[in-house]
Amino acid sequence: MHDFRALDWRKALVTILMFAASVLFLLPFIWMLVTSFKTENEVFTYPIRWIPTSWNAAENYRQVWFGDYPFILYYWNSIKVSVLTTVISCTVSAMAAYGFSKIHFKGSKWLFLIILTTYMIPSQAVLVPQFILYRYIGLFDSHLGLVIIGSFSVLGTFMLRQFFMGVHQEFIESAKIDGAGHGRIFWSIAMPLVRPAIATYAILRFIWTWNDYQGPLIFLRSDNLFTIQLAMQKFTSMSGQFYSLIMAAAVSAILPLLIVFIIGQKSVVEGIALGGVKG
Amino acid sequence: MSTAPVTVKKAEAKSKRKVSLQRGETIAGLLFVGPMFLGVTILVLLPILATVFLSFTKWNFVAGIQGIEWTSVGNYQELLKDDMFIKSLRNNMIFLLVVPIYMLVSMVLAVIIDRFVYFKGFFKVAYFMPYISSIVAVAVVWQVLFEPSYGPINEFLKAFGITDPPKWIADPNFALISIMMITVWVSIGFNMIVYMAALQSIPKDLYEAAEIDGANNWIKFARITVPLLSPTSFFLLVTGIISTFKVFDIIAVLTQGGPIGSTTMLVWYLYDTAFQNLNIGYASSIASVLLVLVLLITLGQWVAQKKWVNY
């Protein structure tokens, strides 16, 4: 028999060691948060003051949010782009996933193969033509353009297709006999059955879009259209030495995601584990 | 005799219905996959053909369509002599080192968290934090932490008696290493989560059998865990390598390829050439090299998967 007490004691020791190691991962975030509460001249005092002696939180965040850089506007832009991208991407991906897994039609294999091929193409290899195309058709420097680029990522199609394939064909066939078309079957039978998968993909897509830097950098030019990532980068290069303000901006950029992640933690982790999906 | 035409008619009607049913399926199918297919065609397929075409031309975007000049393989010949391009490629190769490093750390962490600790949930979130945080926020924080003269990291090193600590991202000899360190830090969470999921699928009785044979933890790790994780490791290796070729955000925010070109990488150089210097043809040739590299790795994956991965 195991000596359970000895085992627990070892486990506790490992837990403590692992906790010490995890500090490496958390400390930069804690430092960021603490610094965002400080006055500027306290930022670089050493040893690091983990509890500020003079609190300047309200003033720092007021300056970031309502100062020369209207972070409220950037927040709104990010929310708009992320929500729209997520909704459209989920819709288009779910439709394609259903089409490829539940409708048997001529050429379906070829179309799928073509889409699979595009998945291997790195997004940066098509940036220049996309940029030229956008300039030409007037989607450059617009949120719509950004949303469209983000919505047609083929990753969702592959991910959701796996789940639609798991929907029993009998459900589909019996609905057909009852006279339902594919539109009805998709919406009232298949979709409810794969809802958890859609939720997972939606959360991941939201996180990726919110964090996207490359897209806005290339396809946006006007300050008032900037998303939070782009705005923060600009804010950082403009505010130069005002580190407490920069950290307040960084906290503001991460916070919504942290909330989304904590709420949807289980689906995020499952989704990532499932397909090992990324980007 | 008289019933024969009727059956024929019936069969005809049946096959007609079948045809129209099949046509209905085809229309439905096209309607469902159409939007995605159309989007992919316009946003990826045609652009990639354009990239390859433009890579054989010389074109300054400002000059308009008629300014396109066919140069055949001129751009590629120039690439071979371009110091900055070679430097970018070399940096990409050095950068590959981060993949085995973060994979190893993630695997060990995953095993420890899976079997030997309390508060699993806390550790998952802690190590995962860098992954969900935006790269811009992460880069900005590290930029300040790495500040050469009074940043926390160098103050810390000085406290340990290192009088002349490196200038990190401001030092050409340390900038790339600094970025690699941050990349390892960011990537561990993601890889760890994938490994943890893979660990769930290893049958517990394998470990129990090994225990009966007197195997210690190390032997169990080396002889059971590592081999059974090999499909996952292989997958993470390939996607990891591909993602190092796509590195861009962190460089754009932290170093812009500097100081003195020490952190330039393929995609950064591509961006710099296309969007700062408006040299579209030349940038497209860099994009084509990127494309070929990524495709080669993907093809290599298919070939190697059969031989290397043991299930």
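Here is a short back-and-forth about a predicted model with chains A and B.

User: Before we start, how are things numbered, and which residues count in this predicted model?

Analyst: Residues run from 1 along each chain as its sequence is written, with chains lettered from A and ligands numbered from 1 in the order in which they are written. Side-chain values use heavy atoms, leaving out hydrogens and water, while local features need pLDDT of at least 70, side-chain atom pairs count only at pLDDT 80 or more, and totals for chains, interfaces and linings use all residues.

User: How many helices and strands does chain A have?

Analyst: Helices (H or I, at least four residues) and strands (E, at least two) are DSSP runs, numbered from the N terminus. Read along the sequence, chain A goes α-α-α-α-α-α-α-α-α-α-α-α-α-α. The tally for chain A is 14 helices and zero strands.

User: And what does chain B have in the way of helices and strands?

Analyst: Chain B also gets its elements from the DSSP runs. Its count is 14 helices and two strands.

User: What radius of gyration does chain B have, next to a compact globule of 311 residues?

Analyst: The radius of gyration is taken over C-alpha atoms, and the globule rule is 2.2 Å times the number of residues to the power 0.38. The C-alpha atoms of chain B fill a box of roughly 110 × 75 × 35 Å along the principal axes. A compact globule of 311 residues would come out near 19 Å, but chain B has 28 Å.

User: What about chain A, set against a compact globule of 279 residues?

Analyst: The C-alpha trace of chain A spans about 75 × 75 × 35 Å along its principal axes. For 279 residues the globule rule gives a value near 19 Å, whereas chain A has 24 Å.

User: How far apart are the centres of the two domains of chain A?

Analyst: The bounds come from an automatic or database domain assignment. In chain A that gives domain 1 (4-63) and domain 2 (65-275). Taken over C-alpha atoms, their centres are separated by 33 Å.

User: Which three residues supply the most of the area that domain 1 of chain A buries against domain 2?

Analyst: Buried area is the accessible area (1.4 Å probe) that two parts lose on being put together, summed over both. The two domains of chain A bury about 1,200 Å² between them, 70% of it on carbon and sulfur atoms. Supplying 43% of domain 1's share, more than any other three residues, are Met32(A), Glu40(A) and Tyr61(A).

User: Which helix gives the most to the side of domain 1 of chain A that touches domain 2?

Analyst: Contact means heavy atoms within 4.5 Å, and 14 residues of domain 1 of chain A meet 15 residues of domain 2 that way. Across this interface the rule finds zero salt bridges. Helix H1 (4-35) and helix H2 (57-66) of chain A each supply at least two residues of the domain 1 side. The one giving the most, with five residues, is H1(A).

User: How much area do chain B and chain A bury between them?

Analyst: The contact takes 90 residues from chain B and 91 residues from chain A. In chain B, Phe32(B), Met36(B) and Leu43(B) lose the most area to chain A, together 10% of what that side buries. Of the total, 80% is on carbon and sulfur atoms, and the total itself is about 7,900 Å².

User: Which side chains meet in a salt bridge between chain B and chain A?

Analyst: A salt bridge is a side-chain nitrogen of Lys or Arg within 4 Å of a carboxyl oxygen of Asp or Glu. The structure holds six over all chains, and the rule finds one across the interface of chain B and chain A. It runs from helix H1 of chain B to helix H8 (residues 169-177) of chain A. At 3.6 Å, N to O, the partners are Glu25(B) and Lys176(A).

User: Which backbone oxygen does the side chain of Thr41(B) reach?

Analyst: Thr41(B) is found in helix H1 of chain B. Leaving aside neighbours within four places in sequence, Thr41(B) is in contact with Leu46(B) and Pro47(B). At 2.6 Å, its side chain reaches the backbone oxygen of Phe37(B).

Key. Polar contact = N/O pair within 3.5 Å; in protein donor to acceptor, adjacent residues only side chain to side chain.
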